[in-house]
Amino acid sequence: MRFHVSLSAAMASSIAVCRLRMRGSLSRCFKKVDSCFQRKFGTSTDATKTDAPNKKYKIEPKDGSKSFYTVQEEKIEQAERSVLISCPAKTNEKKFLQYLSRHGDINKCFFYESYGTYAVVEFANKESLKSLHEGTAIPSINHEATVPFKSRLLSLRNTGPLDLSNGQSAPQCQPQTTIPINDLIQRMSKEDSIDQQISSLTETYQLTEENVCLRFLVCSLLKDIAAAYFPECTIRPFGSSVNGFGKLGCDLDMFLDLDGISGRNLKKPKAGLSLEYQTKRSASERAATQSILSVIGECVDQFGPGCVGVQKILQARCPLVRFAHQPSGFQCDLTANNRVAMKSSELLYLYGGLDQRVRYLVFSVRCWARAHSITSSIPGAWITNFSLTVMVLFFLQRRTIPILPTLDHLKELAGPIDKSVIEGNDCTFVSDFTKIQLQDNTETLEQLLQEFFEFYGTFAFNRMSINIRKGREQNKPEVSPLHIQNPFEPALNVSKNVNGTQLERFVALCRESAWMLQQREFNLPHSGNGASTGNNAPWGLAALLMPSVSQAAGVKSRKKRKREPASERIKGLLDSLKNREEKKS
């Protein structure tokens, strides 16, 4: 349960990027998901009714829109005013906040569980942190030596007569992971339409406002360690944590940003005197990055509270430090000099904010892919979530009435402030939502989901490459089974790891899913479904997520080198529907 004390306007800041035009139950269904997206990523939406017969999903920007980096700076500033506190399991929230309020006003507090109970507390100003630190002691342990590192990761101890327990139960904690797939299928089977199923899936799986705040706080805690070497550095989250497509439980990717202290943009006088810092030189920028990450990784390992399993993977194409942050439960990757990844995060954030159907479709396709082992958390020959997301964006660009603009068009709309060239690659695109005019596409989520499967079930992967910069297929420049051009590094194929077997499985499952959505038995809610009857046979998208037989069929097909659709799964579902109708009769 969130506990608010003098909640400031800063926590309710919003990007007013859209006006939804919907009618009926679909509008009410999307309202909860939209409000959660607003709180997390700084957007606000106004749902209005229209006399048009079709549902309108297009998002129209309003004045006051905030760019990706503006929202990031606000979240970083909020994180710098926050602390992470390990608490006893049964902590009275009211007494807890009263105790901390002695150091200053509190904007926000929430609890969660990860190797114990923790509280994230955001103060109204940084002065409160100084007061809190003055009243915090280094633990005294007789048989061990402690490193006196004063971080913002604290532990609450009860050493006096003040009783912080409530004598009953632990405080209500915010979820940090997704529900099991079977529970999701059961929940979705109770919905009244496939559109509502997609909305329910997104609402259940997307990052919560609290989880996003925790991610920024972990970055801020790591920045305190890196600041020993680079006092003006910043550590920013990127990828799924901030692009709008993150799922609860996803890894935390972090970027050590040193550009703000490099002085490269400093205007030097053409004549006269100037000062320069004395620095040591490295053989190359990559060598410098490896040295920086090696030293910071060592500090995280030796002195970072809660950081365990530290691995310095410095010979990778993009050097990184990998570790687990136990207090938050996040698996973390820290990189440096990875500015292209930040631009990719900004681009996905922009596309996801232009039309709400983008996020709904991406969440559905990703969940479907994971249910059938098309994607995996283990590196290998599987399609990645990023590749799937780009495939969804490309599909939406290829509609008869395009839902999304091409990256080249976004570049044409860019102004001088948007200019960005990274390592010789032009990464320029507009960041102002108000400059982007979308076409009037009114296709429903159900239509888009079915046609996504049809589109890639018949796509000429053997000849064609996917390119969201141009928004059209191009001849493949290499022999990889799946070729998806990197939006900002055209020479790179983001799906080069995917082998022919995995692509065949993806295509076969697309065809099977498209066929299922065409069958009346699967794409309509069944009479008698509902919580009161307890009879919730999977249908629609819920039926597409049933994984077990399909995965077995995939294994069988690989052994025979011939793909056989999961006919047993379809037969089982049809028999289930038939038996239920017979019982009703």
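**Close-up views of a predicted model**

**View 1. Helix H9 within the structure.** Of the 16 residues of H9, 15 are buried (under 20% relative accessible area with a 1.4 Å probe, protein chains only), so H9 is largely enclosed by the rest of the structure. Helices (H or I, at least four residues) and strands (E, at least two) are DSSP runs, numbered from the N terminus. H9 covers residues 339-354, and its end C-alpha atoms are 23 Å apart, in agreement with the 22 Å expected at 1.5 Å a residue (1.5 Å times one less than the number of residues). This is a predicted model: local features need pLDDT of at least 70, side-chain atom pairs count only at pLDDT 80 or more, and totals for chains, interfaces and linings use all residues. Residues are numbered from 1 along each chain as its sequence is written, and side-chain values use heavy atoms, with hydrogens and water left out.

**View 2. Surroundings of serine 495.** Serine 495 belongs to the loop between strand E15 (474-475) and H14; its relative accessibility is 0%, so serine 495 counts as buried. Residues in contact with serine 495 (heavy atoms within 4.5 Å), leaving aside those up to four places away in sequence, are Ser387, Leu482, His483 and Ile484. A polar atom of the serine 495 side chain lies 2.9 Å from the backbone oxygen of leucine 482. Between the C-alpha atoms of serine 495 and isoleucine 484, 11 residues apart along the chain, the separation is 5.9 Å.

**View 3. Helix H14.** The 19 residues of H14 (residues 500-518) should span 27 Å, and the end C-alpha atoms are 27 Å apart, which agrees. At the start of H14, a side-chain oxygen of asparagine 499 comes within 3.3 Å of the backbone nitrogen of threonine 501.

Terms used:
Polar contact = N/O pair within 3.5 Å; in protein donor to acceptor, adjacent residues only side chain to side chain. Buried < 20%, exposed > 50% of the residue type's maximum accessible area, 1.4 Å probe, protein only.
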